[in-house]
Amino acid sequence: MTVPRKHNLLSIQTMIVGFVSIGIFSWIPKQLFSSQMEAKVFNFGFYHLSLNPWTNSTPLDQFLTPWFLWVSRLVNRPEDVVLILDCITIFSGVFLVMYFSHRVHWSFALGLSFLLSSSPLFLIFQTWLGFSDPITFLLISLYLILLYSDLKTKLKVFLLSLVLFLGQTNHFFQVLAIVSVLNVSFLIYHKEKIKELIFVMMLAFFMYVLFLIFILNHTAIVWNQTRVSVFSQMWGKEFIRMNTSEPFLGTLGLFHGLWPVVLFLLIRMPISILAFVFCYLISMLTYDTGRVFAILTTPIFILFSIENWRKATISEQRVWYFLTILSPLICSFYPLFYKWDGKIIFLR
């Protein structure tokens, strides 16, 4: 097969996978994770901030989401915020799947779409409504794509720094934790990229410092220590209460239907245990344990899946693919839930 024909075939496959993944991301999460009102968490704060994000009510470490909603001029009621963020979630998943269909293999990309659509992260997207997590997911998806891209070094470093900077303005501590673990995990398999990623971190922090100087000196937004105060409350008896309650269901809820794929990766890539343990330790310091663990581990999960696929035999690739298709089926076998404030919250 000639190179132009092979390229055209690859493009057609990528488009087909993209269309299929739109259906998967639009349908499976809504079927699996439909919930009663008592299980949903609504955040109406971003609706009010989207009307004017330049007030002292805007959290400094979550500036990007209300600013983006304000710039879009699409928000007329609180429901619009939920709809916009839901569209961003679907777009992020489809974009990620299409890229890795082209970059890795179409069957890997389809497996990835089943994996994501039945993941605890998408459970959170369906139940925690109006939060900034979908934009974090979009930026982390772009970061992953850029990590595996063939762009020239200088352009790649700049774009990675820009995405990281935007992530820091959207949810500083969350994105910093995700990217730190993501970079270390990536360097396990690509040690030659260490200088690039160090420069990415330095440039992104420099951009963020400039951002802080501008925001604090030219807007009404003020420095706040909300995250620090929350962390300070999590020690002692509160920490023990949070992390010793519901041990079985709490462990099951970390991955739900993804457990077979997780165990498969842990067996094939034992080093991944350290990354997941680090994410779990961070989630132990928060009240919304399930939500934090889901957003931290999903990018790491994708990265190790990519590296596993590249090193796997055809038989091992088929096992991974079969387990990903199995994920939504497993999720339908029992009542789903998430953990919050040491309690198990069932969706239905």
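This dialogue walks through the cavities, a surface patch and two backbone angles of a predicted model.

Q: How many cavities of 30 Å³ or more does a search of the whole structure find?

A: The general idea is that rolling a probe the size of a water molecule over the atoms shows where empty space is left. In this structure, the search finds two cavities of 30 Å³ or more; the largest cavity holds about 50 Å³ of space, and the second largest has a volume of about 40 Å³.

Q: Which residues line the largest cavity, and of what classes are they?

A: The lining of the largest cavity is made of Ser119, Pro120, Leu254, Phe255, Leu258, Ala294, Thr297, Thr298 and Phe301. Helix H15, which spans residues 289-311, gives the largest share of that lining, namely four residues. By class, six of the lining residues of the largest cavity are nonpolar and three are polar, while no charged residue is present.

Q: What lines the second largest cavity?

A: Around the second largest cavity stand Phe25, Lys30, Asp86, Thr89, Ile90, Phe122, Phe125 and Gln126. The elements that each give two or more residues to this lining are helix H1 (3-32), helix H4 (78-103) and helix H6 (120-127). Sorted by class, the lining of the second largest cavity has four nonpolar, two polar and two charged residues.

Q: Which residues form a nonpolar patch on the surface?

A: A patch of this kind joins nonpolar side chains within 5 Å of each other, taking residues with over 30% relative accessible area. Here Leu151, Leu155, Phe158 and Leu162 form such a patch, and together they have about 310 Å² of accessible area. One of them, Leu155, is found in helix H8, residues 153-189; Leu155 counts as partly exposed because its relative accessibility is 43%, and the partly exposed class lies between 20% and 50%.

Q: Where does Arg73 lie, and what is its phi?

A: As a general guide, most residues other than glycine have a negative phi. Arg73, however, has a positive phi, near 60°, and its place is in the loop between helix H3 (64-72) and H4. With a relative accessible area of 59%, Arg73 is exposed, since exposed means over 50%.

Q: What is the phi of Glu246, and is Glu246 buried or partly exposed?

A: Although Glu246 is not a glycine, its phi is positive, at about 50°. Glu246 lies in the loop between helix H11 (237-244) and helix H12 (247-252), and its relative accessible area of 38% makes Glu246 partly exposed.

Key
Residues are numbered from 1 along each chain as its sequence is written. This is a predicted model: local features need pLDDT of at least 70, side-chain atom pairs count only at pLDDT 80 or more; totals for chains, interfaces and linings use all residues. Side-chain values use heavy atoms; hydrogens and water are left out. Patches are made of residues with over 30% relative accessible area and no salt bridge: like charges are joined within 9 Å, nonpolar side chains (Val, Leu, Ile, Met, Phe, Trp, Tyr) within 5 Å. Accessible areas come from the Shrake-Rupley method with a 1.4 Å probe; for residues, only the protein chains shown count as cover. A salt bridge is a side-chain nitrogen of Lys or Arg within 4 Å of a carboxyl oxygen of Asp or Glu. Buried means under 20% relative accessible area, exposed over 50%, partly exposed in between (1.4 Å probe, protein chains only). On a 1 Å grid over the protein atoms alone, a cavity is a set of points where a 1.4 Å probe fits but cannot get out, and a pocket is an open set with protein on both sides within 12 Å along at least five of seven lines; lining residues have an atom within 4 Å of a point. Grid points are joined across faces, edges and corners, and a volume is the space filled by probe spheres set on the points. Ala, Val, Leu, Ile, Met, Phe, Trp, Tyr, Cys and Pro count as nonpolar, Asp, Glu, Lys and Arg as charged, and the others, Gly among them, as polar.
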